[in-house]
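Visitor: I have a model open on my screen and I'd like some help reading it. Could you walk me through a few features?

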Amino acid sequence: MAKTPIRRMKDLPSSHLFGSGTPMCAGCGGLESLHQIYEILGPRTVFVNAAGCMTLLAIYPFTPFRGSWLYTAMASAPAGAQGIRDALDILLEQQRMEPAEDLNVVVLTGDGSANGMGLSATSAAMERNLDFLYICYDNEGYGNTGQQFSAATPHGARTATSTGPHGFSGNKKDLFSIWAAHKPAYVATAIGAEPVDLARKIEAAKQLKGPRLIITLAPCPPGWDFDPRDAADIGKLAVKTGIWPLKEYVDGKVVHSKIPHPRLPVEEYLQTQGRFSHLFHPRRDEGLLAEIQDSVDRYWNGITE
Amino acid sequence: MYRIRFHGRGGQGMKTASRVLGTAFFQQGFQVQDAPRYGAERRGAPIFAYVRASRTAINERGVIRHPDLVAIADDSLVSSPAAGVLQGLGPGTTMLINSHDTPEVWRHRLNLDATILIVPVGEEVTDRADLPFAGMVCAAAAARLVGVIGREALAAAIREELGAHGNALADRNIETALHTYDLMQDHAGAVTEGTEISAENYASPQWIDLPLENAGRAAPSIHAAATSTLLKTGLWRTMRPEIDYTHCNRCWWVCSTFCPDSAIRVNEAGLPEIDYDHCKGCLICVAKCPPHAIEAIPEHLAQAREEKAHAAKTPDR
């Protein structure tokens with residue numbers, strides 16, 4: 001835990017514990033949040049990584065981390081975390097390890113694993129009250145294989161497998177609520193483009209015991225089709241238009257850490273990305289634009305905290 | 001048989017280039033193989049794709065070792081050993097490269113006995129690092145160089161490969177491709193078919209025998225931290241962010257935090273410094289810098305300037 005609480009950008013650590021040289025895309029929104037998260041978590045962490053883009057983070061003998069990394073199949077990262085936590089607990093119990101040497105066990109998966117194949121393993125881990133942190137980098141599709149739709153793809157977005165005139169016909173799964181319904185110690189949404197909010201949530205999660213789960217929206221230049229330099233600005237717009245609410249579930253209550261005011265029209269966010277270009281070209285799809293705006297408005301209607 | 005290799009960076013469209021050229025050959029009645037080859041890296045990392053085309057059945061498999069034509073979308077790849085651009089280039093090879101330098105410079109630089117051509121671009125293109133439709137330009141130039149692909153077959157191939165993305169996009173690509181095709185008129189048919197490779201001439205690889213080691217010694221355990229920094233992802237960059245320190249506000253926590261690659265550190269004077277060994281050139285820092293003190297400049301210009309400065313510092317021998 002940092003000695004000073006983080007209140008503004010200036011308080012953020014710049015030690016760069018997280019190594020450069022990873023094979024993630026230029027402008028990766030997932031990496032932008034992960035390196036910030038790692039600064040707060042510190043080197044005494046062990047990562048359990050489900051298959052996804054970040055599969056490539058730690059390819060032997062190269063790793064950006066200062067500790068261990070375990071790679072699991074797509075559905076089983078929380079089960080891997082259970083094994084590591086149990087092993088650490090046994091070592092502590094038998095006094096073969098000093099308490100100061102204990103590690104944070106962190107699951108790292110994409111939205112494909114978190115919302116789909118890995119959801120039941122996550123549910124079971126919460127049921128067992130596993131002491132772990134779950135980081136989901138959500139780029140709203142199976143980005144590692146060319147952005148096919150996932151259960152986290154937003155309504156109307158074009159993906160490699162939603163190429164029709166109206167994009168993806170389904171709706172983004174409300175993973176925050178699904179996770180919170182298990183009543184774990186902590187659930188939050190965050191984004192790398194809001195570093196202070198992200199850092200405070202990681203600090204909060206770090207101080208708690210039990211299951212703690214965080215979803216960070218990860219603007220994805222190739223998957224969402226935008227210029228890499230715009231990644232952080234698009235992330236900010238996701239928050240300002242209210243399409244990505246920043247919130248926490250703690251002590252049985254959901255609290256918003258940022259209520260956008262005034263809330264910008266959602267199309268200011270949509271028009272920055274090629275995956276929504278069919279909503280504007282060759283002509284505006286007023287019906288679908290209104291539908292997306294309406295779903296955002298309905299979310300915020302009545303929210304005061 | 002024609003053997004053609006396309007080299008580029010993920011995102012420059014070289015995989016599509018090989019598909020378009022392969023389909024165009026197919027339209028002309030050829031048997032065709034085309035395949036991309038890339039590793040685990042992403043957009044910006046070196047990739048290549050290759051096409052074989054023959055009027056008879058193709059029995060060769062795998063990567064093309066001795067190409068008749070190598071098309072290179074990005075000249076900064078030549079100096080990257082991992083890209084393998086120069087692999088198997090010989091006297092019979094034509095090298096087509098997107099570069100601001102002349103064929104003479106490249107011949108001298110590489111000491112290479114191959115035909116070297118520069119990708120033709122219109123006068124409106126001032127910076128080749130930002131060449132739009134780079135892959136399509138290379139595909140069209142290659143189609144003209146082999147001399148057996150007509151304008152119509154090229155256009156039809158692009159329509160077939162890009163049609164799913166809408167007619168407007170296909171039309172823009174066809175227009176760019178046909179323009180390049182016409183610019184290459186003087187070189188039509190310059191690339192000829194390579195000789196058939198026969199199994200009779202097969203030479204087995206020169207294997208090196210390594211004795212087995214004790215398993216305990218042969219499987220090293222590595223405890224070093226952050227070893228990824230040994231990988232120089234700065235080679236991916238086509239645009240370089242540069243800090244103008246006269247305008248820098250020293251709010252290093254902004255650029256240093258938003259940089260996804262931990263490639264901006266803070267020096268003792270409280271100024272941000274960009275680590276060009278690892279900066280991938282995403283330019284988020286350019287977008288986020290509050291006083292707009294970071295500027296993006298084409299990598300090749302930055303490198304040319306560095307070389308000049310270095311030469312000026314080195315006294316004549």
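Visitor: In which sense do strand 7 and strand 8 of chain A pair, and over how many bridges?

Guide: A bit of background helps here. Strands of a sheet pair through backbone hydrogen bonds, either parallel or antiparallel. Keep in mind that this is a predicted model. Strand 7 (residues 246-250) of chain A and strand 8 (residues 253-258) of chain A are antiparallel, with five bridges between them. To see the register, find A:Leu246, which sits opposite A:Lys258 in strand 8 of chain A.

Visitor: How many residues lie between the strands in that hairpin, and which one takes a positive phi?

Guide: There are two residues between strand 7 and strand 8 of chain A, and A:Asp251 has the positive phi, near 55 degrees.

Visitor: Which other strand pairs with strand 7 of chain A in the antiparallel sense?

Guide: That's strand 5 (residues 186-191) of chain A, joined to strand 7 of chain A by three bridges, again antiparallel. A handy marker is A:Ala188, which faces A:Glu248 in strand 7 of chain A.

Visitor: Is strand 7 of chain A mostly covered or mostly uncovered?

Guide: Mostly covered: of its five residues, four are buried.

Visitor: Let me try a single residue. Where is A:Glu140 placed?

Guide: Look in the loop of chain A that links strand 4 (132-138) to helix 5 (175-180).

Visitor: Why does A:Glu140 count as buried?

Guide: You count neighbours. The cut-off is 20 or more other C-beta atoms within 10 Å, and A:Glu140 is buried because 27 other C-beta atoms fall within that 10 Å. Setting aside neighbours within four places in sequence, its contacts are A:Asp111, A:Ser150, A:Ala152, A:Thr153, A:Pro154 and A:Ala157. Its C-alpha atom is also 8.0 Å from that of A:Ala218, although the two residues are 78 apart along the chain.

Visitor: On to chain B. What is the order of the six strands in its open sheet?

Guide: Reading across the sheet of chain B, the order is 2-3-1-4-5-6, with mixed pairing. Strand 2 (31-37) and strand 6 (115-118) of chain B each have a single partner strand, so they stand at the edges with one side lacking a neighbour in the sheet. On average, neighbouring strands here are turned by 15 degrees against each other, ignoring direction.

Visitor: How many bridges join strand 2 of chain B to strand 3 of chain B?

Guide: Seven, and strand 2 of chain B runs antiparallel to strand 3 (residues 46-54) of chain B. One pair to click on is B:Ala35 with its bridge partner B:Tyr50 in strand 3 of chain B.

Visitor: Which strands does helix 2 of chain B lie across?

Guide: Helix 2 (residues 103-110) of chain B crosses strand 5 (94-97) and strand 6 of chain B, at about 135 degrees to strand 6.

Visitor: And chain B overall: how many helices and strands?

Guide: Chain B has nine helices and ten strands. It has 317 residues, 42% of them buried, and its C-alpha trace spans about 65 × 60 × 50 Å along the principal axes.

Visitor: Last one: how many residues of each chain are in contact with the other?

Guide: In this model, 37 residues of chain A touch 39 residues of chain B. Helix 1 (29-41), helix 7 (221-225) and helix 8 (231-240) of chain A each supply at least two residues to chain A's side, and helix 1 of chain A gives the largest share, four residues. By type, that side of chain A has 20 nonpolar, eleven polar and six charged residues.

How values were computed. Residues are numbered from 1 along each chain as its sequence is written. Chains are lettered from A and ligands numbered from 1 in the order in which they are written. This is a predicted model: local features need pLDDT of at least 70, side-chain atom pairs count only at pLDDT 80 or more; totals for chains, interfaces and linings use all residues. A residue is buried if 20 or more other C-beta atoms lie within 10 Å of its own, exposed if 12 or fewer, and partly exposed in between; C-beta atoms are placed from the backbone. Two strands pair if DSSP finds at least two bridges between them. Axes are lines fitted to C-alpha atoms, for helices over the stretch in contact, and angles run from 0 to 180 degrees between N-to-C directions. Two residues are in contact if their C-beta atoms, placed from the backbone, lie within 7 Å. Ala, Val, Leu, Ile, Met, Phe, Trp, Tyr, Cys and Pro count as nonpolar, Asp, Glu, Lys and Arg as charged, and the others, Gly among them, as polar.
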